[in-house]
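Q: Could you take me on a close look at the salt bridges in this protein? I am in my first year, so please go step by step.

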Amino acid sequence: MTLAAKNIIQKNKGYYLLCSLTAISLIVLILSPKNGFAWGIFGLFVARTFAMRFRPLWLSTLIILIITGTLTVLNEVTNRTILTPAIKSGIIRIDPNEYRVNGNSLSGTGWLLDESVAFYHQMQSEEEQAYWLDLTIPVHVQAHFILEEPESATNRFQFDYQEYLYRKGIHWTVEIEKISSITADTAFNGYFSKFRTESLRYLKKGLPDDKTADYIMAMLFNQTDDIERLAMTAYRKIGILHIFSISGMHIHFLISALEYGLLRIGITRETTRPLLLVTVLCYGFLTGGGIGVFRALFTHAVLLVSGVLGEEVDVKDAFAFAILFALWQNPYLVFSIAFQLSYTLSGLLYFLSPRFKGMKRHAFIKDLLLSVMMTTVSGLFLSYHYFEITWIGMFVNILFSFFFSSLLFPVFWLLAMLSLLRFPVSVVSLLTQKVAFLLEYLEKCSQWLADANWLLMITGRPGLIWYLLLGIIIIIFLTAIEQRKYQYTMTLILIGGFTGFYLLPLINPEGRVIMLDVGQGDAILIKMPYREQTVLIDTGGVVSFNSEEAAWKIRESSDKHGRDLVSAIKAEGVTHLDAVLLTHSDSDHIGNLGYLANEIKINKLFIASGMEETATFQAEMKEIRKLPPIVPLISNKTFRVDSLIFQVLNPETKRAGENNDSLVLYSRIGSLNWLFTGDLEEKGERELMKRYPALKVDILKVGHHGSITSTSESFLKQINPEVAFISVGRNNRYGHPTTEVIKRLDENATRIYRTDLNGAVHYIFKGQEKWIDIMLQ
């Protein structure tokens, strides 16, 4: 290390963190050049650096910015594809560390013509499944496949799969249709992959096949697939998911325990540090180097190397080098919530922990205050990505962190060592059974807390200016705590800031009718100005074909459709639903009701009379923990949801909940007349025309997803809609919407919007203004 570099580090402990923050803002600026927020933050950090009036720091900042800018631009310029859909066959390199087997589904990332791709394959036999489950070496797969562009987000503010893959350098998804041959990859780097795979399997084989083993593999070796989905969802809801994926807490425990043990047995500190460094590198290789793991390992590695070289490096500078090195490898990490939470919360700990140690308060009070600050800071990121802030995390984080760090991590490492040393499984199982009991109780407590939804703040996603203002308030608050000045005043301002942030939808004059993209199904969200009323018509869902599947083919359910629906609703800042209106009992219209009702409060449920007796509806009711009042409806009835008025046009009497028994609703929303028809078919349309011969509408929700059996020519001529909304899945098996229906609408001069081509469709009204916005142009 040069004398100049040594002097800069020794005289400016922690200043490299400012350099890394400036580099982060530069990356965002380069990758999002039109982002005014990034321009402001970049200018702020540059100004702060020069305000310190220390020339070596200016020089190091300039060097770091040049390196960061060059690598970011280079990464963006080279992030291109050479593949085309015309390529129908080829050799895909597949690594056992980079795929997952779920029932008869094989999916992961591989390499095609030296380009990374996301692949999917539906396995045809149990023997094929066993092959992929047992594979330990990378292979070359000669296959016929279909190349497709990844899907982009089709609902507002939702997870964008195309963008996610692009930031990993992936431009295509590959559906493998047929595998011709498989050969082993004999390249040298394949042996590293084999070593990692076999090491992890060797470790797991020495553990009893129970819950404890799943947690050990998840928390120590970043293998989270085996933990039950419901448990992981509960941990996320109560704000402790970071313990599994981004905290690096277990790494700190491992290094501290090893250092203590080596020193206690008489090994010198000079010898201990190289041994710990080798351990850190080997452990990083085994875990695959996830974001939190990389941060913790790299920070400790820098400190160990500096110790070996006899140089002093402050922990905050080591942390800053971890940030820079991670972003130099992949600048797109800056957009990942895992990166944002891991590095932000760790940086906060590095700065606040010394202050808290000097506080003359009870340990519990200090832990609570630190947890409050961590939850406050993480709230910004959780609001932006998940549209909600879980304040209960302030309290449970203390208990869970203590529980894991003081009890579970030591036991987990002990069991991992016993497994590596091949202690008899019967001996190890005595301990794992006790731990499994504790984990079972932990999961039940987490699920109970998650179900209670205590202190949950649904924020939606306000404009960036509001995040900037709230971020400034948080920074000033933290500064006040760090300097011990104006603490109570800033606490009140912080509470006021979050309260105002939460109440923003109440001052929004825009109203929206949103045909959400739920695939082959229906879900229409009505959100009135100032969030006065929120109504959902149908919930979407997956159609079940009742086919008998062999046990090996059955995939773990993910509730993806339900989660996507709830996320799309929360993204709009909806905290509760005043009413849910269900048109009929088909799964693609009510299949997400159970999941929805357990996630978002429903004040009242309106249904077509008779559908309450159907098996599908009753099955959904059994999933709901707290049933809302249910109101059956028949025609010639008018009902209100506060200022929203709906006229029921169908069914005429209590019926069986089939297509022509659909609840048909007429309403005036945003100065236009709307007709929502469910899956009404031609026979039902004829009956409707007889009963309401003067019916005219501005916007028609087309019946039965554009099936040829609906939206007849005579019906269109009578109601004469200007606009038609069609909710339909991409490349659906039914061929919806049919060319006949599209032709009828075109001949009627009706403007068509459809979710398979346009994504979610927003009818927006504000005062006398009204317009339609679509997600996919």
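A: **A close look at the salt bridges**

Let's begin with one pair: the side chains of E388 and K570 meet in a salt bridge, with 2.6 Å from N to O. This is a predicted model, so please read each value as computed from it. Where do the two partners sit? E388 belongs to strand 6 (residues 388-390), while K570 belongs to helix 21 (residues 560-571), so this salt bridge ties together parts that are 182 residues apart in sequence. Both E388 and K570 are buried.

Now move on to a second pair. E599 and K237 form a salt bridge too, and their closest N and O atoms are 2.2 Å apart. Here the link joins distant parts of the chain: E599 is in helix 23 (residues 593-599) and K237 is in helix 9 (residues 229-237), 362 residues apart. Are these two residues buried or exposed? Both E599 and K237 are buried.

These two pairs also belong together. K237, E388, K570 and E599 are linked in a network of salt bridges. When you find one of these four residues in the viewer, try to find its partners in the network as well.

For a contrast, look at E259 and R269. They form a salt bridge whose closest N and O atoms are 3.2 Å apart. E259 lies in helix 11 (residues 249-264) and R269 in helix 12 (residues 269-287), so this pair ties together parts that are 10 residues apart in sequence. What about their accessibility? E259 has a relative accessible area of 24%, and because buried means under 20% and exposed means over 50%, E259 counts as partly exposed. R269, with a relative accessible area of 39%, is partly exposed for the same reason.

How many salt bridges are there in the whole structure? A search finds 23 of them, including the pairs we have just visited.

You may also wonder about another kind of link between side chains. A disulfide is a covalent bond between the sulfur atoms of two cysteines. A search of the whole structure finds zero disulfides. There are cysteines to look at, though: C282 is partly exposed at 44% relative accessibility, and C445 is partly exposed at 27%.

To sum up the part you asked about, keep the network of K237, E388, K570 and E599 in mind, and set beside it the pair E259 and R269, which joins helix 11 to helix 12.

Note on methods. Residues are numbered from 1 along each chain as its sequence is written. This is a predicted model: local features need pLDDT of at least 70, side-chain atom pairs count only at pLDDT 80 or more; totals for chains, interfaces and linings use all residues. Side-chain values use heavy atoms; hydrogens and water are left out. A disulfide is a pair of cysteine sulfur atoms within 2.5 Å. Buried means under 20% relative accessible area, exposed over 50%, partly exposed in between (1.4 Å probe, protein chains only). Helices (H or I, at least four residues) and strands (E, at least two) are DSSP runs, numbered from the N terminus.
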